[in-house]
Amino acid sequence: MTTKTLWQGWWSPISLILAAPFTLVSNWIAYHKLSQLQPAAPVFPGQRQLIPGKPVLHRPMAYVALIPLIWATVVITRLIISGA
């Protein structure tokens with residue numbers, strides 16, 4: 001869900017300011033807590049563990065979030081420069 005938030009969670013003003021950052025921070029906190037737990041044991045003996053999938057930063061859609069971040073950086077920089 002973190003990758004989906006990075007990919008799709010920035011495209012409305014409310015999401016850009018409130019929802020996406022809150023979701024990303026809460027996902028990071030949950031990930032941090034879960035990473036401190038012992039590895040899970042299979043429910044049934046002989047059953048294999050599920051494959052967790054690619055890490056978030058190895059998924060191409062995670063980098064779509066750079067678009068609004070670069071845009072915000074440019075806008076803020078221009079506001080600062082024009083105000084000086």
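A polar contact is a pair of N or O atoms within 3.5 Å; within protein, one atom must be able to donate a hydrogen and the other to accept it, and residues adjacent in sequence count only if both atoms are side-chain atoms. One such contact, of 3.1 Å, joins the side chains of Thr3 and Arg59. The structure is a predicted model, in which local features need pLDDT of at least 70 and side-chain atom pairs count only at pLDDT 80 or more, while totals for chains, interfaces and linings use all residues. Residues are numbered from 1 along each chain as its sequence is written, and side-chain values use heavy atoms, with hydrogens and water left out.

The protein has three helices and zero strands. Helices (H or I, at least four residues) and strands (E, at least two) are DSSP runs, numbered from the N terminus. Along the sequence the pattern reads α-α-α. The radius of gyration is 18 Å, well over the 12 Å that the globule rule gives for 84 residues, so the protein is more spread out than a compact globule. This radius is taken over C-alpha atoms, and the globule rule is 2.2 Å times the number of residues to the power 0.38. The C-alpha trace spans about 65 × 25 × 20 Å along its principal axes.

Burial was then examined. Buried means under 20% relative accessible area, exposed over 50%, and partly exposed in between (1.4 Å probe, protein chains only). Of the 84 residues, 14% count as buried. The protein exposes about 7300 Å², and carbon and sulfur atoms supply 73% of that area. Accessible areas come from the Shrake-Rupley method with a 1.4 Å probe; for residues, only the protein chains shown count as cover.

Contacts were treated next. Contact means heavy atoms within 4.5 Å. Among contacts between residues at least 6 apart in sequence, 51% join residues at least 24 apart. Thr3, in helix H1 (residues 2–8), counts as buried because its relative accessibility is 9%. Leaving out residues up to four places away in sequence, Thr3 touches Val56, Arg59, Met61 and Ala62. With the same kind of neighbours set aside, Ala62 is in contact with Thr3, Leu6 and Val56.

Ala62 also belongs to the largest nonpolar core, whose six residues are Leu6, Trp10, Ala20, Leu24, Ala62 and Ala65. A nonpolar core is a set of buried Ala, Val, Leu, Ile, Met, Phe, Trp, Tyr and Cys residues joined through side-chain atoms within 4.5 Å. In soluble globular proteins, nonpolar side chains tend to be buried together.

Helix H2 holds Ala20. Ala20 is buried, at 2% relative accessible area. Not counting residues up to four places away in sequence, Ala20 touches Thr5, Gly9, Trp10 and Ser15. Ala20 and Gly9 are eleven residues apart in sequence, yet their C-alpha atoms are 5.4 Å apart. Pro21 also sits in H2 (residues 13–35). Pro21 is partly exposed, with a relative accessible area of 29%. Beyond four places in sequence, its contacts are Trp10, Ser15 and Leu16. The C-alpha atoms of Pro21 and Trp10 are separated by 9.0 Å.

Helix H3 has 18 residues and reaches 25 Å from its first C-alpha to its last, close to the expected 26 Å. The expected span is 1.5 Å times one less than the number of residues. One of the 18 residues is buried, so H3 lies largely in the open. Ile76 lies in H3 (residues 66–83) and is partly exposed, at 49%. The C-alpha atoms of Ile76 and Thr23 are 23 Å apart, with their positions 53 residues apart along the chain.
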